[in-house]
Amino acid sequence: MHLLLNILFYVAAAGTVTSTIYCGMVLVAAWRFGARKRRELLVVADFLPPVSLLKPLHGTEDGLEKNLETFFEQDYPEFELLFCARHESDEGLKLARRVGARYPEVSAQYVTCGEPQPRYHNAKVYSLEKLDSVAKYELFLTSDADVRVEPNYIRRMVQNLKNPHNVLASCMYLGTTNGGLSLQLDAVGKSVEMTSGVLVADMLEGTKFALGATMMLRKQAFRDVGGFFDLAEFYADDFVLGNRLAAQGKGVLLATYIIRLMVPDQTFWISFRNQLRWMQSTRRSRPWGHLGSGLTFAMPFGLIGLAWGLSTGHLLLGVLWLLVAVTNRWLQAEAILRVVLGDPEWISGVLIYPLRDLLGSILWAASYGGEKFYYRGKIYKLKDSGRVEAPE
């Protein structure tokens, strides 16, 4: 029993130290990003080349109509909107046509690609290849269906490619939902947990990745990394794309523009499964970084400290230990939500983030439970480096 209590103490102490160091790094990275964001807002957005917006679709979900409208309402001199679904009967594509009919002044095309061919396990990449074939312009702006933006989206994002050396820029997102607690935990995880890791990685080693929710890139970028056929073998195609371009010495940037990522109404189990899929993908794409991220969570170690205090008669010390963990996560969440993402409702996100941190640690541990994942009605297998095997 004495040995077990010692183990609890040292595990809690070690985890508290590492998560506190990580929190400090997040605060520095947030300040650094915020300063850069303020500088860029002072620069005149005078680089205005024509842009092709590529948007793959697959079905419909709550909020999709509003999401699509924000892309038709862009304040930009010349752009085209390109939508792709597998079939004409796709409800998302039908909705895009109806929305587009309300904006006849916007150049828009609606195309289909059919079912993905063998080895194109990533259907999104298959749709992007089709969109690439019909796009008129050399600069692409890709985005997922759950992305919602402001009218200055294109104008701000395209400035990142003003320097000819830069080939790709992606941006962070503010998770947004009108749902209950489970969806709010999902949203704040997308906002704080993801953004924290991205900012720290960018601060320590530069941007060697891309975030696929939206990417501003040159058309040639897809070919420079092996083409769509190769990218389609990966679940985290965005990470592979950015990582390979950075390895070639090309300019890969983390943009300061912030988008909204809408979290659809779904059950806790489906939300958990979707988040677990991303954790599994990260484990395969960046195995050592993912392993180390287990030491960045604070709440598990705070709870272990509380358990040690209860077991040894040091109740007050145990409670203080947990309070340190909670305060740690509050500081991290405020820095990200208020300083980096500019969330007008940041207080509510800050308050629930300790609970999200605990859930994140559970998802992290569960990501080591196997290589199979569920996506859109099929079971896939994730292999080393993030490649995907054919569905069963």
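Trainee: Why are helices α1 and α13 called roughly parallel to each other?

Mentor: The axes of α1 (residues 2–41) and α13 (residues 315–340) come within 9 Å and cross at roughly 15°. Angles under 35 degrees count as roughly parallel, over 145 as roughly antiparallel, 65 to 115 as roughly perpendicular, and the rest as oblique. The crossing is therefore in the roughly parallel class. Those angles run from 0 to 180 degrees between N-to-C directions, and the axes are lines fitted to C-alpha atoms, for helices over the stretch in contact.

Trainee: Before we go on, what am I looking at?

Mentor: This is a predicted model, where local features need pLDDT of at least 70 and side-chain atom pairs count only at pLDDT 80 or more, while totals for chains, interfaces and linings use all residues. Residues are numbered from 1 along each chain as its sequence is written, and side-chain values use heavy atoms, with hydrogens and water left out.

Trainee: Back to that helix pair: which residue classes make up the contact of α1 with α13?

Mentor: The contact has 16 nonpolar, 5 polar and 2 charged residues. Nonpolar here covers Ala, Val, Leu, Ile, Met, Phe, Trp, Tyr, Cys and Pro; charged covers Asp, Glu, Lys and Arg; the others, Gly among them, are polar.

Trainee: And is the crossing of α1 and α13 left-handed or right-handed?

Mentor: Left-handed. That label applies if the near helix is turned anticlockwise from the far one by less than a right angle; clockwise makes a crossing right-handed.

Trainee: What makes α10 and α14 oblique to each other?

Mentor: Their axes also come within 9 Å, but α10 (residues 268–285) and α14 (residues 346–366) cross at roughly 60°. That angle is in none of the three named ranges, so the pair is oblique. The crossing of α10 and α14 is right-handed.

Trainee: Now the strands. Why is β1 said to be largely enclosed by the rest of the structure?

Mentor: Count the buried residues, meaning those under 20% relative accessible area (exposed is over 50%, partly exposed in between, with a 1.4 Å probe and protein chains only). In β1 (residues 51–56), 6 of the 6 residues are buried, so the label follows. V51, L53 and K55 point one way, S52, L54 and P56 the other, and all are buried. In general, side chains in a regular strand alternate between the two faces of the sheet.

Trainee: How do you know that β1 pairs with β2?

Mentor: Two strands pair if DSSP finds at least two bridges between them. β1 and β2 (residues 79–85) run parallel and share 6 bridges, and L53 has L81 as its bridge partner in β2. With β4 (residues 139–143), β1 has 3 bridges, again parallel, including S52 with F140.

Trainee: What makes the β1, α2 and β2 unit right-handed?

Mentor: The test is a path: with the strands pointing away from the viewer, the path from the first strand over the helix to the second must run clockwise. β1, α2 (residues 64–72) and β2 make a right-handed β-α-β unit.

Trainee: Which strands form the sheet that holds β1?

Mentor: It's an open sheet of 7 strands, ordered β3-β2-β1-β4-β8-β6-β9, with mixed pairing. β3 (107–112) and β9 (251–254) are the edge strands, each pairing on one side only. The twist averages 20° from one strand to the next. At one end, β6 (residues 166–170) and β9 are parallel over 4 bridges.

Trainee: What makes the pairing in the sheet β5-β10-β7 mixed?

Mentor: β5 (residues 147–148) pairs with β10 (residues 259–262) in the antiparallel sense over 2 bridges, whereas β7 (residues 173–176) and β10 run parallel with 4 bridges. In this open sheet of 3 strands the pairing is mixed. Across from β5, V147 stands opposite L261 and R148 opposite R260; on the other side of β10, G175 has L261 as its bridge partner.

Trainee: Last one: why is F239 called buried?

Mentor: Its relative accessible area is 17%, which is under the cut-off, so F239 counts as buried. F239 is in helix α9, whose buried residues also include V240 and L241. G212 is 27 residues away along the chain, yet the C-alpha atoms of F239 and G212 are separated by 7.6 Å.
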